[in-house]
Amino acid sequence: MTPSALLAATASALALALAFAAPASAAGTARIGLQQEPTVLDPTADATASIDGMLAQNVFESLTTVNEAGEVLPNLAERWEIADDGLTYTFHLVEGASFHDGTAFDAQDVKFSFDRAMAEDSVNPSKSIWAPIASVEVLDPATVRLTLTRKDAFLLFNLAQGDASILAPESADRAKTEPVGTGPFRFVSWTRGDRLVLAKNADWRDAEAVSLDRVEFRFIADPASGAAALMADELDAFPGFGAPEMLPQFEADPRFAVTVGSTEGEVILAMNNARAPFDDPRVRQAVNHAIDRDAIIDGAMYGRAAPIGSFYPPHGPAYLDLTGTWPHDVEKARALFEAAGVAGREMTLRVPPFAYATRSAEIIQAQLAAAGVDAKVETVEWGFWIGEVYKNRNYDMTIIAHTSPNDMGNFARGKDYFYGYQDDAYDALWAAIETEADAQARAELQREAQRFLAEAAVHAFLFQLPKLSVVKAGLEGFWASSPVIFQPLAGVRWAD
Amino acid sequence: MLLFLLRRTVGFLATLLAISVIVFAVMNLLPGDPALTVLGIDSTEDARAALRAQMGLDRPAAERFLAWIGGALVGDFGTSWSFGVPVAGLIAERLPLTLSLAASGMVVTLVVALALGMAAAANHRRPGDWAMMLLSQLGIAVPAFWLAILLVLLFAVTLRWLPPGGFPGWGEPAAAASSLILPTISLALVQSAVLARVTRSAALEAMRLDFVRTARATGLSPARILWRHVLPNALAPIVTIVGMQFAGVVTGAIVIENVFYLPGLGRLIFQSIANRDLITVQALVLMFAAIVVAANFLVDVAYVLIDPRLKARAT
């Protein structure tokens, strides 16, 4: 081929392409952008959040589900009874439900799924959900009984999660690449690195309520590319949009609706309580006095986050505002650092490569410097963070969002957990929370725990990770806030 | 010639073996726990232990290396720890896109660079030459990913002529081709700026030689002299740079794939490293190394073909 022939070929390819470009959104289809691409499609075998985000309660269902307010609702179990001692749960299952391959759903599938998760060789990422469960019995095809060894106030909530999805023995082995569930959408195709397609399950028990015929998830890791895809009409929604600095341009554009909701992610400046100098409460108090949450939220999150003073989400029913426990006071911080003998000392702030963490780190570094402490910021990649910081506890300070719901128990995980923190009084408090069935009494205990953690200054609690979403005007039903990591799509629809 | 090829092939395989040992050693020194990365920070220790056993991580490193290299020799690169499917399949499904992108980037680079470089040489010290030098300076200075973002804003967001990213697969040839246009341009522009300058100086060098004056004296047209006599004699330095650029285009594709969210090998290597899917990373690094070594090998062969004088020395 001569150069001119090549040029001509390129030009004709370009012309051809122009004729096929500019796709429009079809009614009944939603194209949803996601930052994180899944590794496998089995939520019971991998903790990757996007697996649950796409498939839990859409392709797979669980015995229970959760609404946007975080309340537990019936799902594959249409009702249940809890014995007075709180140790026996009897679930009555919906009848007539079936898996997408035609297999009927019954109590045996529940027993299979739970036994699989509890087994010795189980690789369920949330195996601890089943820790209190002693046995799973099938009473009849529509009734399952769980027997517990101890009370668990969060069991019904936990059973709604993707980790507790109900799979059939006929198809569970292939779930990593061909997920088969009972949900309102069935799996159509997955092109790794590019997209995952779902279609409406016309046989679902409440199929009339499902508006979308087709859902396409597109994996776009870079927020700038995600913004361009929205602007170019390649996407209809980007729930969990990663770049707060780009929101004003979407807010000013009538084609889009922007929501700023909450998540279960508490962002903390974690301190290694087991390592000097953070084993000294004065040092942790000094760090708390040194930081200015408003400046961090303005600088790192462009103002789009709610400050927290303890380890509990501001949208939760038991929330207490404890942001005033250690007011921003540079002089006090400096005095405490000096009293503890760490003034002028160098310490490291090892952060994972997430925008909220790296941006916060730079601001915190400056704030600590103002109080007389030199913090060296090290941005490490995720695999390194999880190995060195989390597992080997080799760090001074780090910044991380804890995205699980009901995770105040982290502080009762003992000295081997990466906080390096242990306190008998708190352990007892958490044990009481975990087993208290009465919501009012539990909320009171949770408030007490929030005060405890704030006053102990275990960490510096920074802000609640917001959920930023950009959705095309007219596409309704996306949750602004995420009480869980899944997003049910049965209620998403295009307005007429 | 045959001996030359044989010697080069043995060297090629020895290099790959050395690389595979280094890659395996480095991957095993990397901090992090693959099972913890897959199962997350809320997982229990016994679930992680079960997964490590499934991954074969409970066996000693030397044993794992021998099993891996033995498999690799027969094309079995093991099963990905995070994706749970054979690594060879993962690579095979993404290779066509990355190769298409690298090939189209290289073709555009060659066409643009040769045309501009030769034109500049032909118009030495005239406005056309200066314009090319200025443009190429600009091309070298602009980072490819930034140019990519600008191209997306103009052609995808404002004009809506081309998609902002994604790849529909070769099942839809027209849409697939259109989705590669912007990535190709982003990839090729910097490379062609470099190559155009090399072409220009190589051509100027060759134009000073006696045979060009002779050709001109015999009345050949300037275009014929340029393409038939100057270019072949200027090719050696151009081929050297092209060989280096091919490696640059393949690795540059990794960055460009991220901007245009293309499901190629670049995205796969990014994700595999983050997931501590070391068995996949090993295969990918080995393959990228093989591509670079192979490109160098082809350049060496090309020298012999371009310059008959080297053939005598090679045999």
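**Close-up views of chains A and B**

**View 1. Chain B is assigned two domains.** Domain 1 of chain B covers residues 2-73, and domain 2 covers residues 96-263. This is a predicted model. How far apart are the centres of the two domains? Taken over C-alpha atoms, the centres of domain 1 and domain 2 of chain B are separated by 37 Å. Along the principal axes, the C-alpha atoms of chain B fill a box of roughly 85 × 60 × 35 Å.

**View 2. Chain B has 13 helices and zero strands.** Reading along the sequence gives the pattern α-α-α-α-α-α-α-α-α-α-α-α-α. An unreviewed UniProt entry annotates residues 95-299 of chain B as "domain: ABC transmembrane type-1". Over residues 95-299, chain B is 83% helix and 0% strand. The C-alpha atoms at the ends of that stretch are 22 Å apart. Chain B has 315 residues, and 40% of them count as buried. Now take the contacts in chain B between residues at least 6 apart in sequence. Of these contacts, 71% join residues at least 24 apart.

**View 3. Thr15(B) sits in helix H1 of chain B.** Helix H1 of chain B spans residues 2-29. Is Thr15(B) buried or partly exposed? Thr15(B) is partly exposed, because 16 other C-beta atoms lie within 10 Å, while a buried residue needs 20 or more. Look next at Ala289(B), which is 274 residues from Thr15(B) along the chain. In space, the C-alpha atoms of Thr15(B) and Ala289(B) are separated by 9.1 Å.

**View 4. Val107(B) belongs to helix H5 of chain B.** This helix runs over residues 87-122. Val107(B) has 16 other C-beta atoms within 10 Å, so this residue is partly exposed. What distance separates Val107(B) from Thr184(B) in space? The answer is 9.5 Å, C-alpha to C-alpha. In sequence, Val107(B) and Thr184(B) are 77 residues apart.

**View 5. Chain A touches chain B.** The contact involves 52 residues of chain A and 57 residues of chain B. On the chain A side, four elements give two or more residues each: helix H1 (3-20), strand S10 (214-219), helix H5 (223-231) and helix H11 (382-391). Which element gives the largest share? H1(A) does, with nine residues. By class, the chain A side has 27 nonpolar, twelve polar and 13 charged residues.

**View 6. Helix H9 of chain A has buried residues on one face.** H9(A) covers residues 330-339, and its buried residues are Ala333(A), Leu336(A) and Phe337(A). Why do these residues line one face of the helix? Seen down the axis of H9(A), the buried residues fall within an arc of 100°, so they share one face. What do they pack against? Their partner is helix H7 (281-290) of chain A. Just after H9(A) comes Gly341(A), with a positive phi of about 75°.

**View 7. Residues 71-404 of chain A carry a UniProt domain annotation.** The unreviewed entry lists this stretch as "domain: Solute-binding protein family". Over residues 71-404, chain A is 25% helix and 26% strand. The C-alpha atoms at the two ends of the stretch are 15 Å apart.

Technical notes:
Residues numbered from 1 in each chain as written. Chains lettered and ligands numbered in written order. Predicted model: local features only at pLDDT ≥ 70, side-chain atom pairs only at ≥ 80, totals over all residues. Domains from an automatic or database assignment. UniProt positions renumbered as here; feature names shortened; annotations may be inferred. Buried ≥ 20, exposed ≤ 12 C-beta atoms within 10 Å, placed from the backbone. Contact = placed C-beta atoms within 7 Å. Nonpolar A, V, L, I, M, F, W, Y, C, P; charged D, E, K, R; others polar. Arc of directions from axis to C-beta.
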